[in-house]
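Please open the structure in a viewer and keep the selection panel at hand. The tour proceeds by selections, each followed by a description of what is found there.

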Amino acid sequence: MQTKNLIGGEWLEAGNGDRLEVRNPASDAVIASVPSVGAAETRKAIDAAWNARTAWAARTAADRGALIASLGRLMRRDSERLAKLMTLEQGKPLAEARGEVGYAASFLEWAAEEGKRLYGDIVPASAPDKRILVLRQPVGVTAIITPWNFPAAMITRKLGPALAAGCPVVIKPAEDTPLSAIAIGELACEAGIPAGVINILTGDAATISEVIFDDARVRKLSFTGSTGVGRLLMGKASKNLLRLSLELGGHAPFIVFDDADLDKAVPAAVACKFRNAGQTCICANRFYAQAGVHDEFVARFSKAIAELRVGDGSTEGVTVGPLINDEAVAKVEEHVENARSLGGRVPVGGRRARIDGLADRFYEPTLIEGMTPEMMICREETFGPVAPVAKFTDEAEAIEQANASEYGLAAYFFTRDASRLMRVSEALEYGIVGANDGGPSTAQAPFGGVKHSGFGREGGRYAMDEYTEVKYVSWQL
Ligand code: SIN
């Protein structure tokens with residue numbers, strides 16, 4: 001297994017030999033180490049991307065697409081190996097890791113085709129001897145900074161369209177999960193993606209990003225992570241007016257109306273809330289159930305939550321793995337205790353799950369009844385397996401509560417009323433709405449938020465806009 005950094009087609013250590021330990025969050029055991037690179041290696045990676053950019057952009061879209069598709073194929077070929085590696089470094093259940101590898105490959109497959117449809121325009125001019133041409137050209141060297149919660153898919157969701165548009169990239173994966181990124185880099189080499197087009201750096205985020213912000217040759221940064229860090233990056237990006245795509249935090253409402261089909265709403269609520277142990281930007285954070293269905297929804301949701309199985313993600317049958325680190329568990333605990341102290345009732349879960357032989361990183365899947373706006377859990381991202389529920393009376397109240405958040409990434413609602421389906425979809429101030437759907441993520445749809453959840457869209461044809469510049473050519477005949 002490769003553990004070095006990919007820079008200009010070579011596998012390199014940090015110049016000073018520094019390495020970072022990678023731990024399995026379930027056991028806290030050290031599973032590998034990777035280079036902890038600094039400014040010199042980051043500059044070298046930017047040099048490599050810069051030197052590769054003209055030749056990469058000059059290839060035909062079909063040619064680039066074939067290489068990108070080949071990387072996707074290799075990921076599917078090695079799905080089991082990649083999934084096991086992901087579970088080892090991130091903790092998610094193996095079945096979810098397998099799903100993520102396929103999901104990650106699908107972004108490459110989509111982008112490989114979409115690059116062929118990067119059309120420009122010819123616009124009617126206002127003089128008979130003039131023509132107006134609109135070209136779409138690659139934005140240039142692109143930095144990609146990704147989080148630990150989806151170690152493969154958050155890379156390929158950016159990598160696919162960036163490469164398809166003709167941009168070389170410098171990828172900085174999360175310190176907690178560098179192994180999946182390096183494995184993707186190895187497969188990119190096997191796929192024949194030319195040296196310098198994909199560079200991968202592991203190490204301290206602040207050191208690496210400082211160089212990225214300082215180097216005017218980098219023209220684009222695509223970041224997925226917290227709103228706090230996004231805000232910081234946006235400030236630093238002003239130096240070179242770096243183009244940004246920011247996919248930041250979320251605080252998704254999940255509304256269950258009286259006329260909802262609970263056979264669909266309950267499993268959707270479980271999947272939406274508890275996949276990846278609740279460590280998903282678009283996972284449901286707040287549940288609102290209408291008075292007529294509230295008690296039945298809570299009873300059925302509680303029963304389903306109690307059936308989830310907590311444990312090491314590599315154990316067959318486990319559905320909820322560990323949280324990523326000790327701070328994550330402490331935060332979940334704080335949110336639950338705060339809700340309790342403000343009157344919340346906890347019929348299921350509500351404490352750490354201690355498992356023999358494993359680290360103290362597990363939290364019982366939890367339901368809190370009687371959520372109120374004062375509770376921390378109703379405002380802040382929990383990033384853990386806790387589902388707080390509030391009762392509401394009418395549609396206007398539900399929408400008001402749902403929109404009462406600084407975030408605007410994803411929202412969900414369940415109803416059988418066709419008019420309400422449209423009305424509520426339009427009224428929710430979110431970038432993604434799951435209407436009778438708890439799992440909207442897919443390669444061909446635009447993924448991204450509004451308000452403090454960031455800006456820019458990933459996925460589908462919309463992603464191509466993030467990596468292209470529009471050039472206007474005024475042509476006098
Ligand atoms: C995220 O929001 O954390 C990514 C999840 C997804 O793509 O479904």
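The stops below concern the two domains, the interface between them, and two individual residues.

**The two domains.** The model is a predicted one. Select residues 5-248 together with 453-476 and colour them as domain 1, then select 252-442 and colour them as domain 2. The C-alpha centres of domain 1 and domain 2 are separated by 31 Å. In the contact, 24 residues belong to domain 1 and 28 residues to domain 2.

**The interface.** Display the surface of both domains. About 2,100 Å² is buried between domain 1 and domain 2, and carbon and sulfur atoms account for 55% of this area. Next, select Ala26, Trp148 and Ser453: these residues contribute 25% of the area that domain 1 buries against domain 2, more than any other three residues.

**Polar links across the interface.** Select Arg361 and Asp28 and show their side chains. These residues form a salt bridge, in which the closest N and O atoms are 3.1 Å apart. The count of salt bridges between domain 1 and domain 2 is one. Polar contacts across the interface of domain 1 and domain 2 involve ten residue pairs.

**The domain 1 side.** Select helix 3 (79-90) and helix 4 (94-114), the elements that each give two or more residues to the side of domain 1 that touches domain 2. Helix 4 provides the largest share of that side, with four residues. By residue class, the side of domain 1 that touches domain 2 comprises nine nonpolar, eight polar and seven charged residues.

**Ser106.** Remain on helix 4 and select Ser106, which lies within it. Is Ser106 buried or exposed? Ser106 counts as buried because its relative accessibility of 17% is under the 20% limit. Beyond residues up to four places away in sequence, Ser106 touches Arg76 and Ala443. Add Lys84 to the selection: Lys84 and Ser106 are 22 residues apart along the chain, and their C-alpha atoms are separated by 19 Å.

**Glu395.** Finally, select helix 12 (residues 395-403), in which Glu395 lies. Glu395 has a relative accessible area of 15% and is therefore buried. Which residues are in contact with Glu395, leaving aside its neighbours within four places in sequence? They are Phe257, Arg420, Arg423 and Val424. Show the side chains of Glu395 and Arg420, which make a polar contact with each other at 2.8 Å.

Note on methods
Residues numbered from 1 in each chain as written. Predicted model: local features only at pLDDT ≥ 70, side-chain atom pairs only at ≥ 80, totals over all residues. Heavy atoms only, no water. Domains from an automatic or database assignment. Contact = heavy atoms within 4.5 Å. Buried area = accessible area lost by both parts, 1.4 Å probe. Salt bridge = Lys/Arg side-chain N within 4 Å of Asp/Glu carboxyl O. Polar contact = N/O pair within 3.5 Å; in protein donor to acceptor, adjacent residues only side chain to side chain. Nonpolar A, V, L, I, M, F, W, Y, C, P; charged D, E, K, R; others polar. Buried < 20%, exposed > 50% of the residue type's maximum accessible area, 1.4 Å probe, protein only.
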